[in-house]
Amino acid sequence: MSGLILSNVTKQFGTFKAVKDVSLSVPDGTFVCLLGPSGCGKTTLMRMIAGLDLPTTGSVALGGEDITQIPTHKRNLGMVFQSLALFPHLTVGENIAYALRIRGIDKAEQKKRVDELLAMIHLPGFADRSVGKLSGGQRQRVAIARALAISPKLFLLDEPLSALDAKLREAMQVELRQLQQRLGITTIVVTHDQREAMTMADTVVVMNGGEIRQAAAPVDIYRRPADSFVADFIGSTNLIPFQADDRGQASIFGSTIEGFSLVGAKAGTISVRPEDVQIVTEDASSVTGTVAFIRDLGGTVETFIEAGGQQIIAVASPRARPDVTIGQTVGLRFDPETSVVLAR
Amino acid sequence: MRREPPQRFPDYGPLMFPAAMLVVFFVIPFATMIAVSFFERQQGGFYEPAFVFDNYGRFLSLFFGKVLAFSLFLAMAVAAACVTIGVPFTYLLSRSSRGTQIRWLVVLLSILSLSEVMIGFAWSTLLSRTAGITNLFAMLGLMDAQALTPSFGAVMTAMTYQALPYTVLVLYPALVRLDPTLTEAARTLGASPVRAFFTVIVPALRNTILATLIMVFIFALGSYLLPQLLGRPQHWTLSVLITDQAIYQSNMPFAAAMAVFLVLVSLSLVGLAVYAGRQKEAA
């Protein structure tokens with residue numbers, strides 16, 4: 001089997017388990033984002049893929065070969081660090097050529113490849129500049145070019161864009177994704193920014209507490225979150241508790257809801273995205289609530305509704321602005337199509 | 001915060017005290033020594049003001065040339081040994097746990113509390129035939145007990161031992177500040193840990209290493225007790241001869257002339273090293 005395969009990888013620091021029994025398969029040429037809050041184990045997982053940390057148990061395979069025990073410098077990968085780790089004593093060109101120099105490739109070849117890479121990152125003619133005199137975005141590009149110098153099989157990036165300002169970050173996300181598609185290189189990015197993950201990835205791997213909570217395409221992660229953590233972490237959502245009777249008929253806050261058939265569950269949570277909450281005139285098939293606050297952001301209108309002792313947010317475009325006022329009693333309807341019943 | 005250079009004379013006020021201390025305890029004694037180096041010696045241990053070059057002329061001989069060359073060579077060798085041991089040691093120290101770092105630093109600082117005399121006698125015992133470390137090897141049947149002192153090796157060992165704590169203390173802050181991901185980046189790019197150390201850590205620390213070399217060199221140049229305690233007469237440095245002339249031969253003008261000459265030679269060597277460093281940086 002080709003691609004990157006992690007099998008039951010666990011990493012323990014003393015008594016603390018940073019990564020718990022993680023298995024993941026990354027097919028060749030795909031772009032994967034490891035996404036999660038800080039301390040969720042995503043960076044540790046990446047360091048084990050790079051060989052900078054050894055897994056306590058489990059194995060890492062690349063291209064059908066077990067590389068768990070292969071030291072980092074023999075893995076032929078490219079990695080961009082959060083700090084970028086550009087070598088301060090070398091010029092831009094020497095930084096990019098470092099991996100080639102280590103492999104004993106002759107000078108003329110090195111220079112040719114450096115020029116190619118500089119053209120690729122839109123910094124032609126920068127070879128003799130000192131890295132200390134580059135802007136943040138330029139340093140970022142140089143770090144990427146340095147990691148790609150040997151055309152590695154695997155490209156790893158650890159929070160690569162976190163030091164850039166918001167606007168540049170968005171531009172670099174698009175650029176990085178286009179670069180990856182052009183080169184067709186298997187890429188893994190660690191990030192805590194869900195917009196970044198949604199922009200770039202083929203597969204988003206959401207992690208928390210050292211475990212993978214869900215690994216799926218960005219749209220599926222958003223539309224079909226596997227659990228309440230994923231639903232809450234990706235975008236914003238309303239998590240609403242429900243009960244079900246013997247026939248599988250669901251009720252929320254005491255109102256019976258038609259259309260939900262819940263097999264096997266007595267109680268649980270449904271996740272409804274704010275844009276999927278419909279505000280209707282109160283009737284038998286809707287949940288009753290009171291409008292508490294309306295926030296008009298110009299591009300969107302957020303309506304905060306108190307129902308069953310919790311706040312539910314509905315988002316609409318200004319054209320579809322709900323005709324309600326603060327203090328008004330309204331009905332809320334959740335479409336079974338767009339609501340997700342969560343296991344936990 | 002923007003710092004403005006002092007504008008008016010009172011702005012220099014805070015500098016008065018250190019400047020006065022520097023004048024009283026450094027500039028005046030050093031100027032006196034320069035003056036004395038031109039004085040004429042009187043039989044009986046005194047000297048009278050004069051302006052003669054005899055004192056300088058006297059060591060334009062093969063003997064003093066050899067001593068000077070040996071002194072410079074010894075100081076350079078000690079500096080090189082200290083940096084060769086100190087850089088890898090401090091690098092590993094800076095990557096170890098906090099507790100380990102503190103324990104090592106305490107041990108190194110405690111070496112600084114030992115006087116040169118104690119260090120000298122401790123090593124002369126350790127390297128002696130009757131009580132030295134060779135007895136341990138003799139017990140293991142590896143070799144016969146033998147005296148390792150007086151010898152050049154003994155002088156080198158003790159001087160390196162004495163200068164190593166300074167070396168580590170100068171290198172430590174620079175190595176701790178060095179981004180640990182630099183080595184990791186080098187490893188992901190295909191460099192083995194040893195290769196990464198020589199292609200990334202050492203060049204990135206070039207200026208610190210040069211400064212350390214100069215510091216240990218000057219420190220070792222002033223050593224006059226250890227060469228006498230642990231070396232043969234041919235291992236005596238210019239500092240030993242200066243002490244000998246000043247204290248035992250009571251020839252102050254000649255001692256002063258040698259001291260001034262030593263300062264000039266070492267300053268020009270330091271200047272040369274700094275210049276070479278700048279050149280390489282600009283290139």
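**Chain B, overall**

I began with the secondary structure of chain B, which comes to 13 helices and 2 strands. I note here that the model is a predicted one. For the extent of chain B, I took the C-alpha trace along its principal axes and found a span of about 70 × 70 × 35 Å. I then looked up burial: of the 283 residues of chain B, 29% count as buried. I also looked at how far apart in sequence the contacting residues of chain B are. Among contacts between residues at least 6 apart, 67% join residues at least 24 apart.

**Chain B, annotated spans**

I turned to the UniProt record for chain B, an unreviewed entry. Its annotation "transmembrane region" covers residues 12-39, 59-92, 104-127, 147-175, 196-226 and 254-277. I examined two of these spans in the model. Residues 147-175 of chain B are 83% helix and 0% strand, and the end C-alpha atoms of this span lie 39 Å apart. Residues 254-277 of chain B are 100% helix and 0% strand, with 35 Å between the end C-alpha atoms.

The unreviewed UniProt entry also carries the annotation "domain: ABC transmembrane type-1", which covers residues 145-275 of chain B. I found that span to be 78% helix and 0% strand. Its end C-alpha atoms are 48 Å apart.

**Chain B, one loop residue**

I located B:I133 in the loop between helix 5 (116-126) and helix 6 (134-139) of chain B. Why does B:I133 count as partly exposed? I counted 13 C-beta neighbours inside 10 Å of B:I133, and therefore the residue is classed as partly exposed; the exposed class ends at 12 and the buried class starts at 20. I also checked B:I133 against B:R95, which is 38 residues away along the chain, and found their C-alpha atoms separated by 32 Å.

**Contact between chains A and B**

I listed the residues of this contact and obtained 16 from chain A and 16 from chain B. On the chain A side, strand 6 (77-80) and helix 2 (92-102) each supply at least two residues. Helix 2 of chain A gives the largest share of that side, with 3 residues. By class, the chain A residues that touch chain B divide into 11 nonpolar, 4 polar and 1 charged.

**Chain A, two domains**

The domain assignment of chain A gives domain 1 (4-232) and domain 2 (237-342). I took their centres over C-alpha atoms and found that 40 Å separate them. The contact between the two domains takes 6 residues from domain 1 and 6 residues from domain 2 of chain A. I sorted the domain 1 side of this contact by class: 2 residues are nonpolar, 1 is polar and 3 are charged.

**Chain A, a five-stranded sheet**

I traced an open sheet of 5 strands in chain A, with the order 15-19-16-17-18 and antiparallel pairing. Which strands of chain A are the edge strands? I found them to be strand 15 (277-280) and strand 18 (310-316), each of which pairs on one side only. From one strand to the next, the twist averages 45°.

I then followed the pairing of strand 15 with strand 19 (residues 329-334) of chain A, which is antiparallel and runs over 4 bridges. In this pairing I looked for the partner of A:V280 and found A:G331, in strand 19 of chain A.

Conventions
Residues are numbered from 1 along each chain as its sequence is written. Chains are lettered from A and ligands numbered from 1 in the order in which they are written. This is a predicted model: local features need pLDDT of at least 70, side-chain atom pairs count only at pLDDT 80 or more; totals for chains, interfaces and linings use all residues. Two residues are in contact if their C-beta atoms, placed from the backbone, lie within 7 Å. Ala, Val, Leu, Ile, Met, Phe, Trp, Tyr, Cys and Pro count as nonpolar, Asp, Glu, Lys and Arg as charged, and the others, Gly among them, as polar. Domain bounds come from an automatic or database domain assignment. Two strands pair if DSSP finds at least two bridges between them. Axes are lines fitted to C-alpha atoms, for helices over the stretch in contact, and angles run from 0 to 180 degrees between N-to-C directions. UniProt positions are given in the numbering used here, feature names are shortened, and annotations may be inferred rather than shown by experiment.
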